[in-house]
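Student: I have a model open on my screen and would like to test some of its labels against their cut-offs. Could we go through them together?

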Amino acid sequence: SGPSPSTSPTELPPDKASIFADLSAAELRAVRTFLMSRPELGLSPSRGGPLAKNTLFLVELLPPKKRLALRYLDHGGRQPRRQARAVVFFGGQAEPNITEFAVGPLPRPSSYRPLRFKGSRTVPFTARPVTQLEYELLHGVLAQAMEPLHRLLLDATGFWFHNCSQRCLTFSDIAPRGLVSGERRSWLVLQRFVEGFFLHPVGLEVLVDHRDPDPRRWAVQRLWYNGRYFSSPQELAERYERGTLAVARLPEPPSQQLFSSYEPRGHFTTGTPTGVHGAKVCEPQGRRYRVRGNQLEYGGWSLAFRLRSSAGLQLFNLRFNGERVAYEVSVQEAIAFYGGHTPAAMQTKYMDAGWGMGAVTYELARGIDCPEVATYLDVHHFYDADGPVRFPRAICIFELPTGVPIRRHFDSDFQGGFHFYAGLEGQALVLRTTSTVYNYDYIWDFLLYPNGVMEAKVHATGFIHATFYTPQGRRYGSRVHSHVLGNLHTHLVHYKVDLDVAGTGNSFETMDVRFENISNPWSPGARVVQPWLHRQPRHSECQAAFPFGTALPRYLLFYNPRRRNRWGHARSYRIQHSSHAGPVLPRGWQEEEGVSWGRYHLAVTRRHENEPTSSSIYAQNDPWEPLVSFEGFIRNNESIDDQDLVAWVTVGFLHVPHAEDIPNTATPGNAVGFFLRPFNFFDEDPSVASHSSVIVRPLDPPTFSRVEIQRWTPASPGPCIGPEPFTYNGTYRQE
Ligand SMILES: Cn1cnc(CC=O)c1
Ligand SMILES: [Ca+2]
Ligand SMILES: [Ca+2]
Ligand SMILES: [Cu+2]
């Protein structure tokens, strides 16, 4: 079970990690077969047919309870039962609703039970993510509604909608889908379907109410065209036919070198070659990491990983030299809240767990998304499907030469020579996947360094979510092409970090500097003003929630109050943000309730099994009465002294699109994340165990004609074998 390498043969995963492994294709099928066989559920296939039916939407691993997992991992206890989480859309009932079930035991399920959300909240049917079937029906309703506008669309864009085989229009849908809980009405941005269609809005936006399970009752409620609102397609068509409409006639898109294309155009003035391959990653003496099933080992690090369809990468049982640092580190949610002049722009508040963020993990291009020499793993998702869908090369793992040493020193004798030079070349182990949520591509990385540092990082790339340019739009972003506005938006990403620093009993304190003004002990009458370490133990959850708008202390320390290192310091790990985040909305304003985690740079809570995630797949379509209210994790202000703590980390940045976001947002400068850094956790830098160090000492100073080179790896790494030619498949098929 777990990811299956698309290359080297799968060794049997070590037992321990497999309790966290994603469900295999066979297990996913077994869950579906079992649930489909239960007459009381009345399940129908997801594809085709009416919306008003009961369907199995999502199947993924239901991770074991931490208590049972630790008993198995640390105390030789019984292996926890392997279960699945199954999300069922009961659209075929008089009172449609969504119910989640635990199904097991795997691999041969024989029972299921409902899963309860904290507060026993039920999931309204309107909160469900949009399915492929609903999009097909939306497309049909829109095409029908656009018929009266056929002449306008042809005149203004040269493209059209219905009965279209080429020069077609398409659309991007906006969420949230309305203004209050229970609504399901989406603004649709019409675009010309060319390469990079996200950058080709035509100036028409259409609001469709698609709440009813019967699509025959769906209706267009409003339209916006080139700066004006209309109540129906007929009203807009009449204005056009009467010639009283300001028509935005778009230039014919060129047959090649579209501004939204990656095709090379122009040249660099230096004339340095780009028509040949650049630098590559090389492993001249083979791999220095081990992947067995979903267990990853590198240097002192070991961890279990999975790629859950609902939200993405999730690490478990992170240990360094066999000692646990964290029980879980996982991506929770990624949001992008926009501003703009068009209705779609001002409405767009994307919450990507609601868009299958963990399931849109398309094929990684070898040598581009990851080095050629990386290990590529296939995964299976069961998300809005009728069986497991195989995503080839969805994960890659590789050792990355960072190009900067982990540490080095040149010990000068300040007389033209040196006492010694020493250095340790820098590498990190990278575990990577991507989420392509329509226009945007997130590159999700976890990096393991040999000195006990782990880095979580996300790069944003892909197409900006753009809207039709109007002069008023300049208040909300940059004009990036003749009819295109790049709308401002704030990206926020939320991580769950269940640190277990040398055990589950942890406490939390912050540390920064304050200044003291003391009499100078070696110069009577003089004063010394100097920094000193101001430690602030945080005893309760409210004391450990750091909202945007207040400075985050620079040292955020999680420690085991009963464990000290050799020098008498509490063994700690530090969270260090790399982020330029800010609030997406004022606190408490409508949709902000659905992303209350986004109020805080960091919040530290006591861990609870009924607080497994800070968001959900339902937040996007019902942010107003969120099923998961993160604020509720903090509100009861529990003690966090010597408890099993979870750190909830928010990182992000304000993105004001600019001309250089064309054709795509580029990764340099668009990465945020955080570090987990040992702070007196060890007695010294644990990377001293690495045999990659090199020491050079002069043998005959002051002539320095000869040096002694001490190393523990071969003098030369040897040749690099060139990679095979590039290949790419791009498909992801139900198996
Ligand atoms: C449709 N959609 C949902 N999320 C995105 C990425 C941010 O723009 C797009
Ligand atoms: Ca709490
Ligand atoms: Ca913990
Ligand atoms: Cu952006």
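Tutor: Gladly; we will take the ligand first, then strands, then backbone angles. Keep in mind that this is a predicted model.

Student: Which residues are around ligand 1?

Tutor: They are Tyr 338, Tyr 350, Asp 352, Trp 355, Val 437, Tyr 438, Asn 439, Tyr 440 and His 465. A residue counts as near if one of its heavy atoms lies within 4 Å of the molecule.

Student: What makes the pair between Asp 352 and ligand 1 a polar contact?

Tutor: The cut-off is a pair of N or O atoms within 3.5 Å. A nitrogen atom of ligand 1 is 2.6 Å from an N or O atom in the Asp 352 side chain, so the pair qualifies. The side chain of Tyr 338 has an N or O atom 2.7 Å from an oxygen atom of the ligand, and therefore it qualifies too. For Asn 439, the distance from a side-chain N or O atom to a ligand oxygen is 3.4 Å, so this is also a polar contact.

Student: How much of ligand 1 does the protein cover?

Tutor: On its own, ligand 1 has 280 Å² of accessible area, and the protein covers 99% of it. The space taken by ligand 1 is the largest cavity.

Student: How do the residues of the shell divide into nonpolar, polar and charged?

Tutor: Six are nonpolar, two polar and one charged. Tyr and Trp count as nonpolar here, while Asp counts as charged.

Student: Why are strands E24 and E36 said to pair?

Tutor: Pairing needs at least two bridges. E24 (residues 454-462) and E36 (residues 671-679) have six bridges in the antiparallel sense, so they pair. Ala 456, for example, has Phe 674 in E36 as its bridge partner.

Student: Which strand do seven bridges join to E36?

Tutor: That is E33 (residues 570-578), and the two run antiparallel. Tyr 573 stands opposite Pro 678 in E36.

Student: What is the peptide bond from Gly 104 to Pro 105, cis or trans?

Tutor: Cis, with omega near -10°. Pro 105 is in the loop between strands E4 and E5. The bond from Ile 662 to Pro 663 is also cis, with omega near 5°. Most peptide bonds are trans.

Student: Where does Asp 384 lie?

Tutor: In the loop between E18 and E19. Its phi is near 50°, a positive value in a residue other than glycine.

Key: Residues are numbered from 1 along each chain as its sequence is written. Chains are lettered from A and ligands numbered from 1 in the order in which they are written. This is a predicted model: local features need pLDDT of at least 70, side-chain atom pairs count only at pLDDT 80 or more; totals for chains, interfaces and linings use all residues. Side-chain values use heavy atoms; hydrogens and water are left out. A polar contact is a pair of N or O atoms within 3.5 Å; within protein, one must be able to donate a hydrogen and the other to accept it, and residues adjacent in sequence count only if both atoms are side-chain atoms. Accessible areas come from the Shrake-Rupley method with a 1.4 Å probe; for residues, only the protein chains shown count as cover. On a 1 Å grid over the protein atoms alone, a cavity is a set of points where a 1.4 Å probe fits but cannot get out, and a pocket is an open set with protein on both sides within 12 Å along at least five of seven lines; lining residues have an atom within 4 Å of a point. A molecule sits in a cavity or pocket if more than half of its atoms lie within 2 Å of its grid points. Helices (H or I, at least four residues) and strands (E, at least two) are DSSP runs, numbered from the N terminus.
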